[in-house]
Amino acid sequence: MDDKKTILSGIQPSGALTLGSYLGALVNWAAMSEIYDCYYTIVDMHAITSRQNPAQLRNTALTQLAQYIACGIDPDKNTLFIQSHVPAHAELSWVLSCYTMFGELSRMTQFKDKAAKNADNINAGLFTYPALMAADILLYQADLVPVGSDQKQHIELTRDIAVRFNGIYGDVFNLPEPYIPKVGARIMDLQAPTNKMSKSEIADGGCVLLLDKPEDIMRAFKRAVTDSESSIRYDLANKPGISNLIQIYSACTGKSLDEIECEFEGQGYGVFKAKVGEAVVETLRPIREETLRLLADKSYLRSVYDQGADKASRTANKTLRKVYKKIGFIER
């Protein structure tokens, strides 16, 4: 009997994946398949809370699937699927929105942040998307959801919705827990090192993308913000730029912070930044090459997302049927 715990996670195809996406999330996803039953999705339904170019959205979603695989997430060991290919997500989202309180949604920090950035498009989906996120998680009876600190509020709301539903109808949903990986680098913007590296902030030049060419990566690191000192030491409070570069170098080479400080003792920032850039180039080179190879084989990628959607649907529909029966819908 398979007693593995279930993990679900997803990334919006609203922009290209970054070095931060890889070192902060995808590295861990790839390592989890031996321990957990993993569902990894491309959450294209979430992406349309802001306006997307249709052709670009399709291209980004397919590229993201190829990158998942290139980063070591084996489709034979994990369920890889596109959110919109599993209709149960939209169906359960509507049901759960009827068990989610207006006040709860009003308090969601990400809604406030996104509404401030998209003042001309504060749509209902932007407001209610936590119900869709709850559906994403609860459909698969997920035990664990890998999240950063900015997403923990969504897991708390998902649990609140599940507890409310279970309190009315009995034991329907498993209660998920946030999963904070023991190893996972928090990669910051190279130009604004107190901000997380984000695919939505590419314009400032502080973001490194997984498909960037080596010369572009080197240029980004040579321009990385540091400080007026010259010592290469980890001091997050006083030296965020250098500390971020040390963290990146550590994640790419496996060296400890102490080892890195010793390695570059007495050397200038220019030498260090070049070395970090070289380490990143070599880390991303095989991912870039494999992604491009996979993108040239559209039929294979289709087989992956078709197979993933079939498997995800079997699990999701089992939960949805139970929910529909509990709330009184006639079986179809």
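In this predicted model, the axes of helix α3 (residues 54-70) and helix α13 (residues 298-327) come within 11 Å, with a crossing angle of roughly 80 degrees. That angle falls in the 65 to 115 range, so α3 and α13 count as roughly perpendicular to each other. On the α3 side, the contact is made by Leu62, Leu65, Ala66 and Ile69. Helix α13 brings Lys298, Tyr300, Leu301, Val304 and Tyr305 to the contact. Sorted by character, the residues where α3 meets α13 come out as 8 nonpolar, 1 charged and no polar.

Next, the nonpolar cores. The largest one has 61 residues, and those with the most contacts inside it are Leu26, Tyr68, Phe221 and Val280. Helix α12 (residues 269-295) gives the most to this core, chipping in 11 residues. Tyr68 has quite a list of partners once its neighbours within four places in sequence are set aside: Gly10, Ile11, Leu17, Leu26, Trp29, Tyr40, Thr41, Ile42, Ile73 and Leu80. One of these partners, Leu26, also ranks among the residues with the most contacts inside the core. There is also a second core, separate from the largest one, with 39 residues, among them Ala115, Ala134, Ala135 and Ile155.

Ala135 turns up again around Ser93, a residue of helix α4 (residues 88-97). Leaving aside neighbours within four places in sequence, Ser93 touches Ala131, Leu132 and Ala135. The relative accessible area of Ser93 is 14%, and because the cut-off for buried is under 20%, Ser93 counts as buried.

On to the aromatic rings. The model holds 14 aromatic pairs. In one of them, Phe102 and Phe127 are tilted, with 45 degrees between the planes and 5.1 Å from centre to centre. This pair ties together distant parts of the chain, 25 residues apart: Phe102 sits in helix α5 (residues 102-106) and Phe127 in helix α7 (residues 124-138). The two rings fare quite differently in terms of exposure: Phe102 is exposed, at 61% relative accessibility, whereas Phe127, at 15%, is buried.

Phe165 and Tyr169 make another tilted pair, again with 45 degrees between the planes, and with 4.7 Å between the centres. Here both partners belong to helix α8 (residues 152-169), where they are 4 residues apart, or about one turn of the helix. Phe165 is buried, with a relative accessible area of 0%. Tyr169, at 23%, is partly exposed, because that value lies between the 20% and 50% cut-offs. Phe165 and Tyr169 also belong to one aromatic cluster together with Tyr99 and Phe173.

Finally, back to helix α12, which gives the most residues to the largest core. Pro286 lies in this helix and is partly exposed, with a relative accessible area of 46%. Pro286 and Gly167 are 119 residues apart in sequence. In space, their C-alpha atoms are 50 Å apart.

Technical notes:
Residues are numbered from 1 along each chain as its sequence is written. This is a predicted model: local features need pLDDT of at least 70, side-chain atom pairs count only at pLDDT 80 or more; totals for chains, interfaces and linings use all residues. Side-chain values use heavy atoms; hydrogens and water are left out. Helices (H or I, at least four residues) and strands (E, at least two) are DSSP runs, numbered from the N terminus. Buried means under 20% relative accessible area, exposed over 50%, partly exposed in between (1.4 Å probe, protein chains only). Contact means heavy atoms within 4.5 Å. Rings of Phe, Tyr and Trp (its six-membered ring) pair if their centres lie within 6.5 Å; planes under 30 degrees apart count as stacked, over 60 as edge-to-face and the rest as tilted. A nonpolar core is a set of buried Ala, Val, Leu, Ile, Met, Phe, Trp, Tyr and Cys residues joined through side-chain atoms within 4.5 Å. Axes are lines fitted to C-alpha atoms, for helices over the stretch in contact, and angles run from 0 to 180 degrees between N-to-C directions. Angles under 35 degrees count as roughly parallel, over 145 as roughly antiparallel, 65 to 115 as roughly perpendicular and the rest as oblique. Ala, Val, Leu, Ile, Met, Phe, Trp, Tyr, Cys and Pro count as nonpolar, Asp, Glu, Lys and Arg as charged, and the others, Gly among them, as polar.
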